[in-house]
Amino acid sequence: MEKINFDQLQEELYHEKLANGLNVYILPKKGFNKTYATFTTKYGSVDNNFVPLGKEEYVKVPDGIAHFLEHKLFEKEDGDVFQQFSKQGASANAFTSFTRTAYLFSSTSDVEKNLETLVDFVQDPYFSEKTVEKEKGIIGQEITMYDDNPDWRLYFGLIQNLYQNHPVKIDIAGTIESISHITKDLLYECYNTFYHPSNMLLFIVGPVDPKKFMDQVRENQAKKNYKEMPEIKRKFEDEPLQTGQPKQVLEMNVQTSKCLIGMKALHVDQTGPELLKNELTMNVLLDLLFGKSSENYNQLYNEGLIDETFSYDYTQEQGFGFAMVGGDTENPDKLADELKNMLFQAKNGTTFTEEQLDRAKKKKIGAFLRAVNSPEYIANQFTRYAFNDMNLFDVVPTLEKITMNDIKTMASEVISEERFSVCQVIPKK
Amino acid sequence: MDSTAEKITTMQGYKLHVIETDKYKTNTFVWKMKAPLTKEGVTKRALLPHVLQSSSANYPTTTALRSYLDELYGATLFIDLAKKGEYHIISFTLEIANEKFLSDPTPLLKKGFELLSEVLTKPNVSGNAFDQETVNKEKRTLKQRIQSVYDDKMRYSNVRLLQEMCKGEPYALQVNGEAEDVDTITPENLYEYFKKAFSEDEMDLYVIGDVKEEEVKSLAENLLKFEDRTPKKVVTTEIPKKDQVNEIKEEQDVKQGKLNVGYRTNIVYGDSDYFALQLFNGIFGGFSHSKLFINVREKASLAYYVSSRLESHKGLMMVMSGIDLKNYDQAVGIIRDQLEAMQKGDFTDQELIQTKAVIRNQILETIDTSRGLTEILYHNVVAAKDIKLEQWINDMEKTTKEEIVAVANKIELDTIYFLTGTEAVK
């Protein structure tokens with residue numbers, strides 16, 4: 001077990017890579033009641049074309065299967081695991097993103113038992129035809145719920161504009177049609193390929209004794225029989241740099257229109273410190289352009305084009321990435337035009353001052369301190385960072401090093417007509 | 001549970017609550033002001049905090065104010081409105097980094113406090129009116145905010161349930177005010193309301209973090225002073241009993257139906273059977289091991305989400321679920337059956353033990369965040385009680401099955417609201 005100190009933050013992190021390849025991290029948090037643990041596999045909705053364990057050929061699996069598998073893993077021959085957790089006073093949950101599936105619990109008592117339950121249930125799949133069929137009704141309602149949600153439709157609409165081939169454009173839950181093709185055998189095939197300990201990470205944060213918990217996990221894993229895994233082969237079709245569609249308008253049962261503009265990221269093959277710097281630079285650029293203290297924000301708010309739903313965000317993972325800006329608006333076309341102009345002004349050399357940059361960096365540093373108050377944030381983000389070969393605790397030093405030149409280079413490279421797109425939701429006539 | 005050691009001091013015009021803890025890397029201020037919910041006041045009250053946080057005397061534009069917050073290592077300032085019982089509560093939350101984690105020694109606690117004081121007491125005013133432009137801007141945003149409820153069908157159906165269920169009671173009013181009243185607000189009458197609110201509301205300040213009580217007290221004495229007051233209490237009137245369940249169906253172009261069911265629990269925070277009610281709600285629909293989740297979702301496969309929650313100060317319980325349009329009768333039937341089962345005592349000791357464990361866990365988790373802790377402590381202010389968290393947990397642990405069955409029999413189904421799709425109507 002190695003110990004890593006983060007002096008300025010007054011945090012210590014313990015790490016060990018177990019014999020079967022599982023990476024375990026423990027962050028003790030004194031004074032907290034809650035322990036939060038996540039058990040995450042590097043397998044998400046984009047992993048839909050791969051070579052199954054023990055086979056040679058690539059297979060394409062139905063859309064939404066990673067998420068379906070997440071639901072089904074909770075069910076065992078003798079009932080569901082939620083029951084087990086709540087008997088032990090814990091609340092359990094799970095989520096599937098584009099690139100990860102995470103299982104988690106939080107509890108303030110019986111932490112050892114809950115940890116055992118978490119690790120064991122994820123490592124002991126039980127799928128039957130009957131329960132797979134029943135789940136189709138529940139997930140069908142989940143999909144329908146999102147269909148009625150204008151913000152979700154807007155978000156995915158924009159990704160679908162931006163990406164032509166990459167599976168990031170597929171809704172994480174799939175469609176009612178696509179999930180109808182899911183069978184128990186397909187679930188086992190995905191499970192066996194992606195749920196090997198060497199493709200997973202366990203993170204525990206809370207008022208815990210690291211040594212004791214590391215011993216527990218080590219013992220638990222030693223009892224289980226895992227053969228060494230070959231590297232997982234995933235296939236993604238080539239994705240052009242250009243967006244697929246510059247604009248899409250969705251008509252929905254809403255009173256207020258919504259507008260998001262987006263831009264496809266460059267350099268999506270980055271990992272490690274390079275990716276960290278790239279995404280932080282992009283985040284600072286967006287802050288300078290659209291943060292509440294920016295002139296742009298003030299202008300848009302004063303013109304009545306935006307309200308408090310206005311937000312901006314940058315996502316980058318291996319193989320895809322995008323920036324998004326927008327929110328509710330009375331005039332979606334005008335907002336799209338103005339946001340675009342603001343972006344292109346930045347490309348052509350906007351006059352950000354050193355003072356503004358300094359403030360934007362300070363703001364990000366404060367936001368990071370606030371975020372590490374949260375065990376959930378630490379566990380989830382640390383895992384995401386680790387899967388991309390980055391370290392969450394490098395955020396502040398990396399931020400401090402961002403220069404005006406980095407910002408300008410970023411703006412001039414990334415902002416481009418061919419990577420730009422707009423998605424709007426407007427009231428149905 | 002030492003983190004709930006709340007030190008309360010009566011200051012001029014408000015109460016100061018200090019919670020010293022070294023759990024966090026930030027310090028948090030929560031300013032709360034509470035007044036009875038009224039038709040005349042609700043919309044101004046919903047607008048006021050937005051105007052106050054938009055600019056101030058020394059930071060007369062949003063850009064200036066927000067730049068200063070960024071300068072203070074991205075201090076966050078946000079406001080929040082809530083209904084608790086028949087009260088309308090405004091909260092201002094300011095969270096700021098603790099400088100001990102920074103290389104820069106700027107005294108952020110003091111600066112944060114000064115800024116909070118600036119926003120609350122030195123508004124951007126000329127003569128006897130708020131800045132006209134700010135008010136106009138915020139009125140426009142308020143209208144959008146009120147309107148946006150319509151577009152989120154989950155929130156919309158919850159609002160509609162309460163409007164139908166509590167017709168004629170203040171609780172039916174929307175937390176963000178009423179659209180038709182926005183235009184009647186002027187920079188003058190809003191300023192008038194501002195003075196009234198700060199001289200009549202019950203006001204509380206929570207300061208949570210690695211702070212010293214004495215230091216906070218002396219900052220508070222210097223920076224925040226108001227007139228003393230006796231806060232207004234809501235006089236609750238007896239709600240006439242409905243002779244039959246109120247059933248409302250509304251059609252809209254939606255794919256998923258939203259089923260919202262409202263009950264009168266006839267129990268509020270501070271009542272002796274309040275903890276039994278918490279347990280009732282937990283077994284009935286509060287968690288993923290609850291009857292509603294097991295029977296509506298897991299067994300009948302009708303919904304992705306189905307749960308119940310309490311409004312502790314108003315004595316309501318609300319069930320919400322998203323179902324297929326054609327499954328209305330079946331879902332309502334299952335939900336009704338679960339209440340009946342509870343009333344007959346048809347639940348196991350295991351379910352009871354499980355629910356106690358989960359609620360205990362939930363409370364302890366809630367107080368791990370400074371906001372959660374504030375919300376738990378503030379219950380006592382709203383209800384004018386002094387129930388310690390330890391007592392809360394102990395009383396809950398001691399609650400028996402009989403007490404829960406007694407609570408179940410006090411609960412009355414009041415209103416069923418269904419937002420249904422246009423295609424469902426033949």
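Student: What covers the buried residues of helix 11 of chain A?

Tutor: Helices and strands here are DSSP runs numbered from the N terminus (H or I, at least four residues; E, at least two). Buried means under 20% relative accessible area with a 1.4 Å probe, protein chains only. The cover on helix 11 of chain A includes strand 13 (257–264), helix 9 (272–290), helix 10 (295–302), strand 15 (320–329), helix 15 (404–414) and strand 16 (420–427) of chain A.

Student: Before we go on, what kind of model is this?

Tutor: Residues count from 1 along each chain, and chains are lettered from A. Local features need pLDDT of at least 70 and side-chain atom pairs 80 or more, while totals for chains, interfaces and linings use all residues, in what is a predicted model.

Student: How far does helix 11 of chain A reach from its first C-alpha to its last?

Tutor: Helix 11 of chain A spans residues 332–347, which is 16 residues. The expected span, 1.5 Å times one less than the number of residues, is 22 Å here. The model comes close to that, at 23 Å.

Student: How many salt bridges link chain A and chain B?

Tutor: The rule wants a side-chain nitrogen of Lys or Arg within 4 Å of a carboxyl oxygen of Asp or Glu. One pair that fits is B:D253 with A:K428, at 2.5 Å, N to O. The count between the two chains is 6.

Student: Which helix of chain A gives the largest share of the side that touches chain B?

Tutor: Helix 2 (81–87), helix 10 and helix 12 (354–371) are among the elements that each supply at least two residues. The largest share is 9 residues, and it comes from helix 4 of chain A.

Terms used:
Heavy atoms only, no water. Contact = heavy atoms within 4.5 Å.
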